[in-house]
Amino acid sequence: MTLPKCPQCHSEYTYEDGGMYVCPECAHEWGKDAVTEATEVRPVVRDAVGNELKDGDTVTVIKDLKVKGSSSVVKVGTKVKNIRLVDGDHDIDCKIEGIGAMGLKSEFVKRV
């Protein structure tokens, strides 16, 4: 039996709790009788050279980026694995080794 993905964050790690489905990543809960396949149309996100990005892609940073609120810098050539696309100004959520979770703009990355 396969469980539906979370309609809010699209995580695959949902579980059943009584008559509800629960997402452990964003804590979203929805009923079993709710429509599980969202017909949401997401805008296409493209990298700096025009390649279409998808959740789970690996990208490379093409410009030194200062980390807001820190003295750290994400250097050119830093490889970022398993990105997640989100809505907003910073349209990529990711974890960068040595820095942690952060948001990136797609205009500063290139798909590998």
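**Strands 9 and 10.** I looked up the pairing of strand 9 with strand 10 (residues 100-104) in this predicted model. The two strands run antiparallel and are joined by five bridges. I noted three residues between them in the hairpin, with Gly98 in the turn at a positive phi of about 90°. Asp93 has Gly103 of strand 10 as its bridge partner.

**Faces of strand 9.** I then followed the side chains along residues 92-96. Ile92, Cys94 and Ile96 point to one face and are buried, whereas Asp93 and Lys95 point to the other and are not.

**Strands 8 and 9.** I found strand 8 (residues 84-85) paired with strand 9 in the antiparallel sense over two bridges. Six residues lie between the strands of this hairpin, and Gly88 in its turn has a positive phi of about 125°. Arg84 stands opposite Asp93, and I recorded a salt bridge between their side chains at 3.3 Å, N to O. Arg84 is partly exposed at 33% relative accessible area, as is Asp93 at 29%.

**Other salt bridges.** I searched the whole structure and obtained three salt bridges. One of them joins Lys105 to Asp89 at 3.4 Å, N to O. This pair links distant parts of the chain, 16 residues apart: Lys105 is in the loop between strand 10 and strand 11 (109-111), and Asp89 is in the loop between strand 8 and strand 9. Lys105 is partly exposed at 24%, while Asp89 is exposed at 55%.

I also entered the salt bridge of Lys54 with Glu52, whose closest N and O atoms are 3.1 Å apart. Lys54 is partly exposed at 46%, and Glu52 is partly exposed at 32%.

How values were computed:
Residues numbered from 1 in each chain as written. Predicted model: local features only at pLDDT ≥ 70, side-chain atom pairs only at ≥ 80, totals over all residues. Heavy atoms only, no water. Buried < 20%, exposed > 50% of the residue type's maximum accessible area, 1.4 Å probe, protein only. Helix = DSSP H or I, 4+ residues; strand = E, 2+ residues; numbered from the N terminus. Pairing = 2+ DSSP bridges. Salt bridge = Lys/Arg side-chain N within 4 Å of Asp/Glu carboxyl O.
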